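Dear colleague,

I am passing on the structure we spoke about, and my notes on it follow below. Please read them with the coordinates open beside you.

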Amino acid sequence: MSGGNNRAIFDDRERAQAQALLAQVPAPLLDWYDTHARVLPWRSNPSPYRVWISEIMLQQTRVEAVRGYFERFVAALPDIPSLAEVPDDQLLKLWEGLGYYSRARNLKRAAQQVVERYGGGLPADPKALHALPGIGEYSAGSIASIAFGLREPAVDGNVLRVLSRLLACREEITRAQVRRELTALAREMLPQERVGDFNQALMELGALICLPHGAPLCAGCPLAALCTGQQEGIAASLPVRTKKKPQPVQQMTVFLLTTGERICLRRRPLTGLLAGLWELPNTSGALSCSEAAAFLTELGLAPSALTAAGSGRHVFTHVVWEMSLYAAVLPADSPLPDGWQAVSGGELGREIPLPGAFWRLLRNPEASARFSAIFQPSGDSQPL
């Protein structure tokens with residue numbers, strides 16, 4: 001394989017060898033999939049809408065975490081017209097805890113475009129799918145193949161890892177040229193029939209057997225006899241990736257303030273991280289108890305008995321929050337700053353989308369023990 005950022009990674013001979021190897025993959029992989037595929041709710045009824053929702057939910061999220069969310073989401077919003085019309089807070093409440101909330105907003109935007117342009121049904125065209133908000137090349141290929149049976153590859157991180165190991169590809173996997181050439185090979189590898197099952201089988205192999213972080217379970221792999229990486233003893237070291245820079249850490253002081261039997265929240269800005277969701281009031285920096293009390297006084301609040309109520313850490317894609325929590329009670333008639341709202345535990349449980357970072361703080365023993373009488377979330381919301 002040749003190097004360089006813009007040059008082909010395979011010469012003609014290597015490409016022919018790769019094509020010949022990959023042509024042997026479909027039969028044993030589909031046989032394995034028929035026996036080992038997980039039973040998942042979106043597979044039992046792979047309608048275009050259900051496939052689309054599942055694929056967006058599964059982006060950067062584990063399958064086991066998605067199961068319950070998927071069933072709740074499609075029960076509340078069973079079709080594209082209902083998704084196009086759902087109020088934002090209800091949409092974000094259904095998504096609460098899954099993270100990457102822009103995915104939910106893009107789902108609604110895409111649904112509105114599908115209603116306007118295609119009469120409420122997803123188009124059976126990869127290019128048209130790719131043009132919709134939130135649907136990238138991988139998702140378009142996945143929907144096209146699984147829902148419509150089109151011969152389109154669906155190449156995500158799992159599939160790139162499998163291909164890198166099968167071909168003993170030592171190139172940096174995040175390079176655009178590497179992804180392009182591996183995707184082209186994946187397209188040529190597609191079988192004439194059962195293409196949706198085949199794409200899912202590749203993903204399933206990466207999720208269950210060809211695991212990341214140097215831990216492939218080669219003994220149970222249906223492709224072990226074909227895998228060049230396994231034969232050369234380098235499968236565990238593939239794919240090659242540049243080590244990511246550590247995310248910056250942002251120190252935050254967060255406040256759990258109650259008034260009567262209500263908790264104080266505020267709306268986040270409509271742009272940026274967790275845009276438009278509700279949050280526990282907070283400020284930057286790790287404040288001492290006296291500094292935190294002074295901060296609240298500057299806002300015109302007069303809390304009683306401000307006390308430390310635990311801490312938490314939440315990792316986002318580009319930043320890490322290190323949070324210190326303080327709890328206090330405000331007078332029942334206390335005026336709140338602009339943008340704040342006092343809500344009941346029932347409203348918080350049923351209606352108001354609160355990011356998982358703040359739910360984790362509420363589950364601190366210091367917080368949940370002190371305020372458990374206020375927080376009585378409904379059965380389908382984030383538990384304390």
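**What was found**

Glu96 is buried, since its relative accessible area is 2%, and that value should be read with the caution due to a predicted model. This residue sits in the loop that runs between α7 (88-95) and α8 (102-118), and its side chain is joined to that of Trp359 by a polar contact of 3.2 Å.

The two helices on either side of that loop pack against each other at an angle of about 130°, and their axes are 10 Å apart. Because angles from 65 to 115 degrees count as roughly perpendicular and those over 145 as roughly antiparallel, α7 and α8 are therefore described as oblique to each other. The crossing in which α7 passes α8 is right-handed. On the α7 side the contact is made by Asp88, Leu91, Leu92 and Trp95, which meet Arg103, Ala104, Arg105, Leu107 and Lys108 of α8. Sorted by character, the residues of this contact comprise 5 nonpolar and 4 charged ones, with no polar residue among them.

Some of these residues also appear around Leu83, which belongs to helix α6 (residues 80-85). Leu83 is buried, with a relative accessible area of 0%. Once neighbours within four places in sequence are left aside, the residues in contact with Leu83 are Tyr49, Trp52, Ile53, Phe73, Leu77, Leu91, Leu107, Lys108 and Ala111. For Lys108 the C-alpha to C-alpha distance to Leu83 is 5.8 Å, although 25 residues separate the two in sequence.

**A second helix pair**

Helix α11 (residues 157-166) packs with helix α13 (residues 195-208) at an angle of about 80°, the axes being 8 Å apart. Since an angle of 65 to 115 degrees counts as roughly perpendicular, α11 and α13 are therefore placed in that class. Asn158, Val159, Arg161 and Val162 in α11 meet Leu202, Met203, Leu205, Gly206 and Ala207 in α13, and the residues of this contact divide into 6 nonpolar, 2 polar and 1 charged.

Helix α13 also holds Asn199, which counts as buried at 2% relative accessibility. The side chain of Asn199 is linked to that of Ser145 by a polar contact of 3.0 Å. Not counting residues up to four places away in sequence, Asn199 touches Gly141, Ser145, Glu152, Pro153, Ala154 and Leu190.

**Backbone points to check**

Most residues other than glycine have a negative phi, and most peptide bonds are trans, so the following places may deserve your attention when you go through the backbone.

Gln60 is not a glycine, yet its phi is positive, at about 60°. This residue is found in the loop between α4 (48-58) and α5 (63-76), where it counts as exposed at 60% relative accessibility. Ala305, likewise not a glycine, has a positive phi of about 55°, but Ala305 is found in strand β5 (residues 304-315). With a relative accessible area of 52%, Ala305 is exposed, given that the cut-off for this class is over 50%.

The peptide bond that joins Leu238 and Pro239 is cis, with omega at about 0°. Pro239 has its place in the loop between α14 (228-231) and β1 (249-259), and Lys244 lies in the loop between α14 and β1 as well. Lys244 counts as exposed, at 75% relative accessibility. From Lys244 to Gln230 the C-alpha to C-alpha distance is 26 Å, with their positions 14 residues apart in sequence.

**The chain as a whole**

To set these places in context, the chain has 384 residues, of which 52% count as buried, and it contains 18 helices and 7 strands. The C-alpha trace spans about 75 × 45 × 40 Å along its principal axes. Among contacts with a separation of 6 or more, 70% are accounted for by residues 24 or more positions apart.

With best wishes

Technical notes:
Residues numbered from 1 in each chain as written. Heavy atoms only, no water. Helix = DSSP H or I, 4+ residues; strand = E, 2+ residues; numbered from the N terminus. Buried < 20%, exposed > 50% of the residue type's maximum accessible area, 1.4 Å probe, protein only. Polar contact = N/O pair within 3.5 Å; in protein donor to acceptor, adjacent residues only side chain to side chain. Axes fitted to C-alpha atoms, helices over the stretch in contact; angles between N-to-C directions. Parallel < 35°, antiparallel > 145°, perpendicular 65-115°, else oblique. Left-handed = near helix turned anticlockwise from the far one by under 90°. Contact = heavy atoms within 4.5 Å. Nonpolar A, V, L, I, M, F, W, Y, C, P; charged D, E, K, R; others polar.
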